[in-house]
Amino acid sequence: MSRRPSTLVALPLSFFIAFLLVALPLPQAISYWRPELVMMVLVFWVLNEPGKVGVWTAFTLGLLLDVLMATTFGVHPLMLAVIAYLTRLSYRWVTVFSLWQTGGLVFALVLAGLIVKRILLGILGEGTDSLLYWAPALTSALVWPTVMFALRRFTR
């Protein structure tokens, strides 16, 4: 009889690992392509444990991400809260989605998060005009199957 690890351990551990990977320094040439790992882990847990992870969890994670990345306070909390809300709205559809359709959903959610972030940074006058700003949406969709298979073992 195999026993699955508790989600009470898996939840904070998965977010901790995502934060560690976000904090890793990368060369400037490939840093634009870094997937939005915290957002992807959040999407996974909102879809699989909606009773435990939601908008308030996303807001708290966003505050921690703002502190970790030393960005303008409040940008990441709002972005992740919107993504958690949109993910929760799409919960019924995802149960019948294939792996690639879920990857498309992740692409759309990360793109929506980047749009929210771009609007907020534009209001603050800190935005960027580079097309590479949108690259994490593509890499996040491509990395999604790996994240999903890695975390799936902790769900029922």
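Is Trp 56 buried or exposed? Select it and see: at 69% relative accessibility, Trp 56 counts as exposed, because the cut-off for that class is over 50%. Bear in mind as you go round that this is a predicted model.

**Stop 1: the aromatic pairs**

Stay with Trp 56 and add Phe 59 to the selection. Both residues belong to helix α4, where a spacing of 3 residues puts about one helical turn between them. Across the whole structure, a search turns up 3 aromatic pairs. In the one made by Trp 56 and Phe 59, the ring centres are 6.1 Å apart and the planes meet at 70°, so this is an edge-to-face pair. Phe 59 itself is partly exposed, its relative accessible area being 33%.

Now jump to Tyr 133 and Trp 134 for another pair. Here the centres of the two rings are 4.9 Å apart and the planes stand at 90°, so this pair is edge-to-face too. Colour the two by accessibility: Tyr 133 is buried, with 12% relative accessible area, while Trp 134 comes out as partly exposed at 31%.

While you have rings on display, pick Arg 88 and Tyr 91. The charged end of Arg 88 sits over the Tyr 91 ring, at 5.2 Å from the ring's centre.

**Stop 2: the largest pocket**

Next, turn on a pocket view. The largest pocket has a volume of about 670 Å³. Several helices each give two or more residues to its lining: α2 (28-31), α3 (37-48), α4 (55-69), α5 (75-89) and α7 (99-124). Of these, which gives the most? That is α7, with 3 residues.

The lining has 23 residues in total, and the ones to select for the centre are Ser 31, Glu 36, Met 69, Lys 117 and Pro 136, which lie nearest to it. Colour the lining by chemistry and you get 13 nonpolar, 6 polar and 4 charged residues.

Keep Glu 36 selected for a moment. Glu 36 is in the loop between α2 and α3, and it is buried, at 15% relative accessible area. Now draw a distance from its C-alpha to that of Pro 136: the two residues are 100 apart in sequence, yet the C-alpha atoms are 6.2 Å apart in space.

**Stop 3: the loop between α4 and α5**

Go to Ala 70, which you will find in the loop between α4 and α5. What is there to see in its backbone? Its phi is near 55°, a positive value in a residue other than glycine. Ala 70 is also exposed, with 69% relative accessibility.

**Stop 4: a salt bridge**

How many salt bridges does a search of the whole structure find? The count is 1. Select Arg 118 and Asp 129 to show it: the closest N and O atoms of this salt bridge are 3.3 Å apart. Arg 118 is in helix α7 and Asp 129 is in the loop between α7 and α8 (135-152), so the pair ties together parts that are 11 residues apart in sequence. The partners sit in separate accessibility classes: Arg 118 is partly exposed at 24%, whereas Asp 129 is exposed at 73%.

Move along to Leu 132, in the loop between α7 and α8. Leu 132 is partly exposed, with 32% relative accessibility. Then select Trp 33 as well: Leu 132 and Trp 33 are 99 residues apart along the chain, with 7.6 Å between their C-alpha atoms.

**Stop 5: two more distances**

Select Ser 14 in helix α1 (residues 7-23). Ser 14 is buried, at 9% relative accessible area, because the limit for that class is under 20%. Add Leu 42 and draw the line: the C-alpha atoms of Ser 14 and Leu 42 are 9.4 Å apart, with the two positions 28 residues apart in sequence numbering.

For the last selection, take Ala 108, in helix α7. Ala 108 is partly exposed, with a relative accessible area of 41%. Its C-alpha is 21 Å from that of Leu 151, and the two are 43 residues apart in sequence.

Methods. Residues are numbered from 1 along each chain as its sequence is written. This is a predicted model: local features need pLDDT of at least 70, side-chain atom pairs count only at pLDDT 80 or more; totals for chains, interfaces and linings use all residues. Side-chain values use heavy atoms; hydrogens and water are left out. On a 1 Å grid over the protein atoms alone, a cavity is a set of points where a 1.4 Å probe fits but cannot get out, and a pocket is an open set with protein on both sides within 12 Å along at least five of seven lines; lining residues have an atom within 4 Å of a point. Grid points are joined across faces, edges and corners, and a volume is the space filled by probe spheres set on the points. Helices (H or I, at least four residues) and strands (E, at least two) are DSSP runs, numbered from the N terminus. Ala, Val, Leu, Ile, Met, Phe, Trp, Tyr, Cys and Pro count as nonpolar, Asp, Glu, Lys and Arg as charged, and the others, Gly among them, as polar. Buried means under 20% relative accessible area, exposed over 50%, partly exposed in between (1.4 Å probe, protein chains only). Rings of Phe, Tyr and Trp (its six-membered ring) pair if their centres lie within 6.5 Å; planes under 30 degrees apart count as stacked, over 60 as edge-to-face and the rest as tilted. A charge sits over a ring if NZ of Lys or CZ of Arg is within 6 Å of the ring centre and within 35 degrees of the ring normal. A salt bridge is a side-chain nitrogen of Lys or Arg within 4 Å of a carboxyl oxygen of Asp or Glu.
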